[in-house]
Each structure stands twice: as structure tokens, then as C-alpha cells.
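Please open the model in your viewer and keep the sequence panel beside it. The stops below each begin with a selection.

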Amino acid sequence: MTRRLLASAVGVAFVPVAAACEPPPRTVDDSRRTAAFDETYRGRHIRGAEVRTGRRAAAGQWEVTIDGRPLHLMRRADGSWLSMVDHYRSYETPLAAARGAVDELGPEEQLRDLAPGPMGGPTHMGGGHGVHA
């Protein structure tokens, strides 16, 4: 009986120590989460949604269009987003990146289709609006 009480007391004494050594539970940063969007921004129709494969969304994959033409977005290591229209500026959400692309394109310019460039890669789709560093 004494052994059981001693073992129980030792076990209880180590529970707080063991709990303190465990890493904190992982939490998902929902502050950058964006629901699908479909809106008119500065006269341009922007639409975006997470790409879903099966039951789960592909991590960080979005399909975004401006006036029906695809806008390529990339997720940065810090969780922000960049677009191929303005790849020097980071945006908090895919919606913000799409709006930023509309701002860079201006009222007259359209996104170009993703045709291979001179080295087999996609062509630059932005305008000559200067570098944003």
C-alpha cells in the first residue's frame, strides 16, 4: 500500500514538470484565412476560391481570376501572398493580392494568358508601373 501511495505521489509530482516540457498545442493562424470571394473591385470582376482535392483543401492553393483571366498567386514562407503582376509586394490574403493586381493593372490593361516565355516559363503579366521594393 505504501508503495502505491509513494508511486502515486511521485507520478503526481512529475505531471506539472512533464506538462511544462511539452510543446504548446499547435494552433492554426486563422487571421490570414480568406473565404472564397466574388466581387467587383474598381470595375473589375475578381473571383477566387481555394482549390479542393477530395475532402481537404490543398494547402495554400487558390484559383483567382480577374475578368475571367487567371491570376497566378504564390504563398510566401511568411504566410503572405504575392501575385505575378506585382511580385515585389506581399499581401495578407489572396483577396488583397487580387485587389493589388487590379490596382497595378489599371483600368485598361488585362492579364495575359499563361503562354510560355522565351525560356519555357510564363511571361510577365504586369505592366511597366515601376518597381515596389
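The tour goes from confidence to an aromatic pair, then to a nonpolar core and two backbone positions.

This is a predicted model, in which local features need pLDDT of at least 70 and side-chain atom pairs count only at pLDDT 80 or more, while totals for chains, interfaces and linings use all residues. Residues are numbered from 1 along each chain as its sequence is written, and side-chain values use heavy atoms, with hydrogens and water left out.

**Confidence**

Colour the model by pLDDT, the predictor's confidence in each residue, from 0 to 100; the mean for the protein is 73, and 53% of its residues reach 70 or more. Helices (H or I, at least four residues) and strands (E, at least two) are DSSP runs, numbered from the N terminus, and among these elements helix α1 (residues 2-21) has the lowest mean pLDDT, 58, whereas strand β1 (residues 37-41) has the highest, 95. Select residues 24-31 next, where pLDDT stays under 50 and the model has zero contacts (heavy atoms within 4.5 Å) beyond four places in sequence. Over residues 117-126 pLDDT also stays under 50, but there the model has 26 contacts beyond four places in sequence. Where pLDDT is low, the predicted coordinates should not be read in detail.

**The aromatic pair**

Select F37 and W62, whose ring centres (Phe, Tyr and the six-membered ring of Trp pair within 6.5 Å) are 5.9 Å apart with planes at 20°, so the pair counts as stacked (under 30 degrees; over 60 is edge-to-face and the rest tilted). The structure holds one aromatic pair. Because F37 lies in strand β1 and W62 in strand β3 (residues 56-66), the pair ties together parts that are 25 residues apart in sequence. F37 is buried (under 20% relative accessible area; exposed is over 50%, partly exposed in between, with a 1.4 Å probe and protein chains only) at 6%, and W62 is buried at 13%.

**The nonpolar core**

Now show I46, V64, I66 and L71, which touch the most other members among the 18 residues of the largest nonpolar core (buried Ala, Val, Leu, Ile, Met, Phe, Trp, Tyr and Cys joined through side-chain atoms within 4.5 Å). The elements giving two or more residues to this core are β1, β3 and α2 (94-105), and the largest share, six residues, comes from α2. Centre on V64: leaving aside neighbours within four places in sequence, its contacts include F37, L71 and A98.

**Two positive phi angles**

Finally, select R42, in the loop between β1 and β2 (44-53), which has a positive phi of about 50° although it is not a glycine. R42 is exposed, at 64% relative accessible area. D67, in the loop between β3 and β4 (69-71), has a positive phi of about 55° and is partly exposed at 30%.
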